[in-house]
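User: I have a structure open and would like to learn how to read its features. Please take me through them step by step.

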Amino acid sequence: MPANPTPLVTGEKANRREQIMAAAAELFAHHGFHGVGIDDIGAAVGISGPALYRHFRSKDAILGEMLNSISHYLLDGGTQRAAIGGSAGELLAALVRFHVDFALDHPALITVQERNLANLTDSDRKQVRALQRQYVEVWVRAIRDAVPGLEEREARSAAHAVFGLINSTPYNRHLGDGELADLLCRLALGALSAAG
């Protein structure tokens with residue numbers, strides 16, 4: 001499990017590894033994984049490309065830690081919200097808001113995650129996929145509790161559809177973050193209730 005409690009810490013509080021991952025996320029999102037070299041990432045954080053090897057063994061390792069960190073963060077956040085209790089509707093609303101906030105706060109990470117699973121090493125890809133499946137299962141349980149009569153396969157499909165809606169945020173910046181967050185929450189919850 002990653003040491004940092006957020007997917008990527010930025011700013012003055014970020015350690016050098018976190019700064020490197022944050023810079024790499026922006027670069028990968030804008031230029032693609034294969035369009036970015038170690039020297040590009042180094043330049044973005046003010047060090048030489050070869051100096052990155054003091055922090056990561058390769059560009060693949062940066063991507064692997066980045067996507068594993070995201071996946072752990074989402075799973076931990078979803079699990080924490082499920083453990084709080086409350087009504088089924090409150091839990092579903094909390095999960096939706098959590099994912100919306102993540103997507104709006106980290107659009108580069110959403111883009112990298114969406115486009116770069118195939119660029120992970122086999123071991124990293126297996127770990128990320130396992131974490132993602134666990135996160136989906138948190139949602140499936142919450143959806144089935146909130147939408148009685150929904151079969152497990154339908155709930156899983158509904159969860160993925162809502163992720164697609166929410167994860168579209170890097171391409172949808174017509175509203176301010178607050179307005180967009182509220183709209184996405186309404187749309188997601190409306191779609192989930194319609195699934196029943």
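Analyst: Start with the order of elements. From the N terminus on, the protein chain runs α-α-α-α-α-α-α-α. That is eight helices and zero strands. Keep in mind that this is a predicted model.

User: What radius of gyration would a compact globule of 196 residues have, and what does the protein chain have?

Analyst: The expected value for a compact globule with 196 residues is near 16 Å, and the protein chain has 18 Å, which agrees. Along the principal axes, the C-alpha atoms fill a box of roughly 55 × 35 × 30 Å. As for burial, 45% of the 196 residues count as buried. Sequence separation can be read from the contacts: among those between residues at least 6 apart in sequence, 68% join residues at least 24 apart.

User: How do I read the packing of two helices? At what angle do H1 and H3 pack?

Analyst: Look at the angle between the axes and the distance separating them. Helix H1 (residues 16-31) and helix H3 (residues 59-84) pack at about 95°, and their axes are 10 Å apart. Angles of 65 to 115 degrees count as roughly perpendicular, so H1 is roughly perpendicular to H3. On the H1 side the contact is made by Arg 17, Ile 20, Met 21, Ala 24, Ala 25 and Phe 28. H3 contributes Lys 59, Ile 62, Leu 63, Glu 65 and Met 66. By class, this contact has eight nonpolar, no polar and three charged residues.

User: Why do residues three or four places apart in an α-helix point the same way?

Analyst: An α-helix has 3.6 residues a turn, so residues at that spacing point the same way.

User: Which residues of H4 are buried, and what do they pack against?

Analyst: First the helix itself. H4 (residues 88-105) has 18 residues and reaches 26 Å from its first C-alpha to its last, close to the 26 Å expected at 1.5 Å a residue. Its buried residues are Leu 91, Leu 92, Leu 95, Val 96, Phe 98, His 99, Val 100, Phe 102, Ala 103 and Leu 104. They pack against H3, helix H5 (107-116), helix H6 (122-146), helix H7 (152-166) and helix H8 (177-194).

User: Take His 99 from that list. What is it in contact with?

Analyst: His 99 lies in helix H4 and counts as buried, at 3% relative accessibility. Leaving aside neighbours within four places in sequence, His 99 is in contact with Leu 74, Tyr 135, Trp 139, Phe 163, Ile 166 and Asn 167.

User: How many of the ten residues of H5 are buried?

Analyst: Seven of the ten are, so H5 is largely enclosed by the rest of the structure. They are Ala 108, Leu 109, Ile 110, Thr 111, Val 112, Gln 113 and Asn 116. The elements covering them include H1, H3, H4 and H6.

User: Now two alanines. Is Ala 158 buried or exposed?

Analyst: Ala 158, in helix H7, is buried, with a relative accessible area of 12%. Not counting residues up to four places away in sequence, Ala 158 touches Ile 143 and Leu 192. Ala 158 and Ile 143 are 15 residues apart in sequence, and 8.3 Å apart in space from C-alpha to C-alpha.

User: And what does Ala 44 count as?

Analyst: Ala 44 is in helix H2 (residues 38-44) and counts as partly exposed, at 48% relative accessibility. Apart from neighbours within four places in sequence, Ala 44 is in contact with Ala 23 and Leu 27. Its C-alpha atom is separated by 15 Å from that of Phe 33, eleven residues apart along the chain.

Note on methods. Residues are numbered from 1 along each chain as its sequence is written. This is a predicted model: local features need pLDDT of at least 70, side-chain atom pairs count only at pLDDT 80 or more; totals for chains, interfaces and linings use all residues. Side-chain values use heavy atoms; hydrogens and water are left out. Axes are lines fitted to C-alpha atoms, for helices over the stretch in contact, and angles run from 0 to 180 degrees between N-to-C directions. Helices (H or I, at least four residues) and strands (E, at least two) are DSSP runs, numbered from the N terminus. Angles under 35 degrees count as roughly parallel, over 145 as roughly antiparallel, 65 to 115 as roughly perpendicular and the rest as oblique. Contact means heavy atoms within 4.5 Å. Ala, Val, Leu, Ile, Met, Phe, Trp, Tyr, Cys and Pro count as nonpolar, Asp, Glu, Lys and Arg as charged, and the others, Gly among them, as polar. The expected span of a helix is 1.5 Å times one less than its number of residues. Buried means under 20% relative accessible area, exposed over 50%, partly exposed in between (1.4 Å probe, protein chains only). The radius of gyration is taken over C-alpha atoms; the globule rule is 2.2 Å times the number of residues to the power 0.38.
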